[in-house]
Amino acid sequence: MQLSVALRLLIAPVIALGLAALFGIQGFARQGSVTEASMPTMVSSTVLATEYQLDSKLVTAIVFISTLLSPLTLTPLLVFLGR
């Protein structure tokens with residue numbers, strides 16, 4: 001569970017920054033893309049997990065924890081992108 005939260009909140013923004021640089025994306029498009037990549041796991045993944053009889057408790061825990069921790073990662077990221 002910790003790995004999935006770390007991937008979503010910490011690694012995804014770094015990958016998004018790298019891809020933005022690789023493709024030459026700048027300005028508002030870069031800010032929006034990187035911000036979207038670093039958002040917490042969405043609730044619809046819980047619905048999909050339930051629909052396909054996957055471990056919905058695990059997915060729900062990941063959604064909850066990533067949403068809870070996202071202000072700690074999104075705030076510095078938005079400050080960085082606003083420069």
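Start by selecting helix 2 and helix 4, which lie roughly antiparallel to each other in what is a predicted model. Helix 2 covers residues 27-37 and helix 4 covers residues 56-81, and the two pack at an angle of about 165° with their axes 10 Å apart. Since any angle over 145 degrees counts as roughly antiparallel, the label follows from the value of about 165°. If you turn the view to look through one helix at the other, the crossing of helix 2 and helix 4 is right-handed.

Next, show the side chains where these two helices touch. From helix 2, select Arg-30, Gln-31, Val-34 and Thr-35, and from helix 4 select Leu-74, Leu-77, Leu-78, Phe-80 and Leu-81, since these are the residues that meet. Coloured by class, the residues of this contact between helix 2 and helix 4 divide into 6 nonpolar, 2 polar and 1 charged.

Keep helix 2 selected and add helix 1, residues 2-23, which packs against helix 2 at an angle of about 155°, with the axes 8 Å apart. Helix 1 is therefore roughly antiparallel to helix 2, and the crossing of this pair is right-handed. On the helix 1 side, the residues to display are Arg-8, Ala-12, Pro-13, Ala-16, Leu-17 and Ala-20, while helix 2 contributes Arg-30, Val-34, Glu-36 and Ala-37. In this contact of helix 1 with helix 2, the classes are 7 nonpolar, no polar and 3 charged residues. It is worth leaving Arg-30 and Val-34 displayed, because these residues of helix 2 appear in the contact with helix 1 and also in the contact with helix 4.

Now move to the loop between helix 3, residues 44-51, and helix 4, and select Gln-53 there. The phi angle of Gln-53 is near 50°, a positive value in a residue other than glycine. Is Gln-53 buried or exposed? With a relative accessibility of 70%, Gln-53 counts as exposed, because the cut-off for that class is over 50%.

Finally, zoom out to the whole chain. The chain has 4 helices and 0 strands, and from the N terminus on its elements run α-α-α-α. Its C-alpha atoms fill a box of roughly 40 × 25 × 20 Å along the principal axes. Of the 83 residues, 29% count as buried, and the chain exposes about 5800 Å², with carbon and sulfur atoms supplying 73% of that area. Among contacts with a separation of 6 or more, residues 24 or more positions apart account for 71%.

Conventions:
Residues are numbered from 1 along each chain as its sequence is written. This is a predicted model: local features need pLDDT of at least 70, side-chain atom pairs count only at pLDDT 80 or more; totals for chains, interfaces and linings use all residues. Side-chain values use heavy atoms; hydrogens and water are left out. Buried means under 20% relative accessible area, exposed over 50%, partly exposed in between (1.4 Å probe, protein chains only). Contact means heavy atoms within 4.5 Å. Accessible areas come from the Shrake-Rupley method with a 1.4 Å probe; for residues, only the protein chains shown count as cover. Axes are lines fitted to C-alpha atoms, for helices over the stretch in contact, and angles run from 0 to 180 degrees between N-to-C directions. Angles under 35 degrees count as roughly parallel, over 145 as roughly antiparallel, 65 to 115 as roughly perpendicular and the rest as oblique. A crossing is left-handed if the near helix is turned anticlockwise from the far one by less than a right angle, and right-handed if clockwise. Ala, Val, Leu, Ile, Met, Phe, Trp, Tyr, Cys and Pro count as nonpolar, Asp, Glu, Lys and Arg as charged, and the others, Gly among them, as polar.
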